[in-house]
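Thanks for asking me to look through this model with you. Please open the structure below and keep it beside you as you read.

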Amino acid sequence: MDNRIQQLILALPETKLKLVLELRDIILKQHPSIEELVKFGRISYQDKHKNDIAFICIKAKHAHIELGFFKGSHLDNTLGLLRGKNNLIRRVVIHELDDSITIQINSWFRAFV
């Protein structure tokens, strides 16, 4: 794990720490070529061609975290989980990771790798 990523994670309160670690595990298991880095002050993910895929947004004032997709407007949103008014970026609010959200996250990442 990159030192900057480790610093971001270790600064989290315990409730968000567990959630971020679980989310990272889901994302990094998608494909061996997914690269994790710090970009724009956030934990971000790129494909093997250095195309931005997603980022984890952690705001101190919120009890949840958000998983954002740089080209989220192109993703299937039949479940209505993705939110956003930007032309491309969409985010999903995550309070906890259950099977249904994990399956959906896996599907979204497969669309990019």
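The points below go from the overall picture to the sheet and then to the helices.

1. Keep in mind from the start that this is a predicted model. The protein holds three helices and six strands. Following the chain from its beginning, you will meet them in the pattern α-α-β-β-β-β-β-β-α.

2. How compact is the protein? Its radius of gyration is 13 Å, close to the 13 Å that the globule rule gives for 113 residues, so the protein is as compact as a globular protein of that length. If you like to think in boxes, the C-alpha atoms fill one of roughly 35 × 30 × 25 Å along the principal axes.

3. Now find the sheet. It is open and built from six strands in the order 1-2-3-4-6-5, with antiparallel pairing. At the edges sit strand 1 (35–39) and strand 5 (82–83), each of which pairs on one side only.

4. Zoom in on the hairpin of strand 1 and strand 2. Strand 2 covers residues 42–46 and pairs with strand 1 in the antiparallel sense over five bridges. As a landmark, look for Glu36, which stands opposite Tyr45 in strand 2. Two residues lie between the strands of this hairpin, and Phe40 takes a positive phi near 60 degrees there.

5. Which strands do the helices that pack on the sheet touch? Helix 1 (residues 3–10) touches strand 1 and strand 2, and its direction makes about 70 degrees with that of strand 1. Helix 2 (residues 14–28) touches strand 1, strand 2, strand 3 (52–58), strand 4 (65–69) and strand 6 (90–94). The direction of helix 2 makes about 25 degrees with that of strand 4.

6. Finally, turn to helix 2 and helix 3 (residues 99–110). Their axes come within 10 Å and cross at roughly 40 degrees. Why do we call the two helices oblique to each other? An angle under 35 degrees would count as roughly parallel and one of 65 to 115 as roughly perpendicular; helix 2 and helix 3, crossing at roughly 40 degrees, are therefore oblique. Their crossing is right-handed.

7. Which residues make this contact of helix 2 with helix 3? From helix 2 come Leu23, Ile26 and Ile27, while helix 3 brings Thr102, Ile105, Asn106 and Phe109. Sorted by class, the contact has five nonpolar residues, two polar ones and no charged ones. Try selecting these side chains in your viewer, including Leu23 and Phe109.

Methods:
Residues are numbered from 1 along each chain as its sequence is written. This is a predicted model: local features need pLDDT of at least 70, side-chain atom pairs count only at pLDDT 80 or more; totals for chains, interfaces and linings use all residues. Side-chain values use heavy atoms; hydrogens and water are left out. Two strands pair if DSSP finds at least two bridges between them. Helices (H or I, at least four residues) and strands (E, at least two) are DSSP runs, numbered from the N terminus. Contact means heavy atoms within 4.5 Å. Axes are lines fitted to C-alpha atoms, for helices over the stretch in contact, and angles run from 0 to 180 degrees between N-to-C directions. Angles under 35 degrees count as roughly parallel, over 145 as roughly antiparallel, 65 to 115 as roughly perpendicular and the rest as oblique. A crossing is left-handed if the near helix is turned anticlockwise from the far one by less than a right angle, and right-handed if clockwise. Ala, Val, Leu, Ile, Met, Phe, Trp, Tyr, Cys and Pro count as nonpolar, Asp, Glu, Lys and Arg as charged, and the others, Gly among them, as polar. The radius of gyration is taken over C-alpha atoms; the globule rule is 2.2 Å times the number of residues to the power 0.38.
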